[in-house]
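Here are some short exercises to try with the model open in front of you. Work through each task yourself, then compare your steps with the solution.

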Amino acid sequence: TAHELGHSWGGTHCTCSSPAYTMNSTFTASNRHYQVETVPEIEAYRDSVSCLAPSQMNDFCENAWEICPGSYGWNTTNATSDIAASCATANLSVWFLYRPGSTGSCTIDTNGSVLDTVLSVRNGCGGASTEVACNDDGGIGLASSVTFTAIEGDIYLLRIAGFMSAVGQFNLNVAGPSCEPPVNNFCGNSI
């Protein structure tokens, strides 16, 4: 948080009681002593400077984070709109990339999420790409779930968004072929 960042910059707590989270700076730079700032003031400044404003690094399909089978906790806070899903209106999305090392059944779900999710899987980002699977509320409660055959070496782009324009925390669970090449991928290990 901004408060903890203040500690990293040498700030200490003030002796005041209102607000108790005010930082007293003890550092100087360019012969200027920084004034006392509250967390809301620091966050307001951060949000006013575009290079400091919070954003999602995997906000667009082209910036999808590569993952392997497992469970991941994430959120859609500060996400923006990208390629639409076909199964429900879901605007603010984040992206992940899955590249299986062998062909097999793959189930992806958002079970355990706080967010009412919409999950779609695509085979690319560009105009020629297609949607492989899409689901809204097919998991437990308002979670989403899709199952498809993942093909070795293909890429699958997973788009997770909140229903309509909802944002919040979600779980992403991927169960499918490992991202690693199969054990018998080399002549010495053939079966």
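**Exercise 1. Find which residue of β13 stands opposite Leu 119, and describe how the two strands pair.**

*Solution.* This is a predicted model, so treat every position as computed.
- Step 1: Look across from Leu 119 to β13, where Ile 160 stands opposite.
- Step 2: Now take in the strands as a whole: β10 and β13 pair in the antiparallel sense, over six bridges.

**Exercise 2. Find the residue of β11 opposite Ser 120, and work out how β10 pairs with β11.**

*Solution.*
- Step 1: Start from Ser 120 and look to β11; Cys 134 stands opposite.
- Step 2: Strand β11 covers residues 131-136, and it pairs with β10 in the antiparallel sense over five bridges.

**Exercise 3. Decide whether the two faces of β10 are buried or exposed.**

*Solution.*
- Step 1: On one side, check Thr 117, Leu 119 and Val 121, which are all buried.
- Step 2: On the other side, Val 118, Ser 120 and Arg 122 are buried as well.
- Step 3: Six of the six residues of β10 are buried, so the strand is largely enclosed by the rest of the structure.
- Step 4: For the wider setting, buried residues make up 35% of the 191 residues in the chain.

**Exercise 4. Find out what surrounds the charged side chain of Arg 122, and explain why no salt bridge is assigned to it.**

*Solution.*
- Step 1: Place the residue: Arg 122 lies in strand β10, which spans residues 117-122.
- Step 2: Look for the nearest side chain of opposite charge, which is Glu 131, 4.5 Å away.
- Step 3: A salt bridge needs a side-chain nitrogen of Arg within 4 Å of a carboxyl oxygen, so the buried Arg 122 has none.
- Step 4: Look for a polar partner instead: the side chain of Arg 122 makes a polar contact with the side chain of Ser 129, at 3.0 Å.
- Step 5: Beyond its neighbours within four places in sequence, Arg 122 is in contact with several residues, among them Ile 83, Trp 95 and Tyr 156.

**Exercise 5. Identify which strands supply the largest nonpolar core.**

*Solution.*
- Step 1: This core has 22 residues, and Ile 108, Leu 158 and Leu 172 have the most contacts inside it.
- Step 2: β8, β9, β10, β12, β13 and β14 each supply at least two of its residues.
- Step 3: The largest share, four residues, comes from β8.
- Step 4: Zoom in on Leu 172: leaving out residues up to four places away in sequence, Leu 172 touches residues including Phe 96, Ile 108 and Leu 158.

Note on methods: Residues are numbered from 1 along each chain as its sequence is written. This is a predicted model: local features need pLDDT of at least 70, side-chain atom pairs count only at pLDDT 80 or more; totals for chains, interfaces and linings use all residues. Side-chain values use heavy atoms; hydrogens and water are left out. Buried means under 20% relative accessible area, exposed over 50%, partly exposed in between (1.4 Å probe, protein chains only). Lys and Arg count as positive and Asp and Glu as negative; His and the chain ends are not counted. A polar contact is a pair of N or O atoms within 3.5 Å; within protein, one must be able to donate a hydrogen and the other to accept it, and residues adjacent in sequence count only if both atoms are side-chain atoms. Contact means heavy atoms within 4.5 Å. A nonpolar core is a set of buried Ala, Val, Leu, Ile, Met, Phe, Trp, Tyr and Cys residues joined through side-chain atoms within 4.5 Å. Two strands pair if DSSP finds at least two bridges between them.
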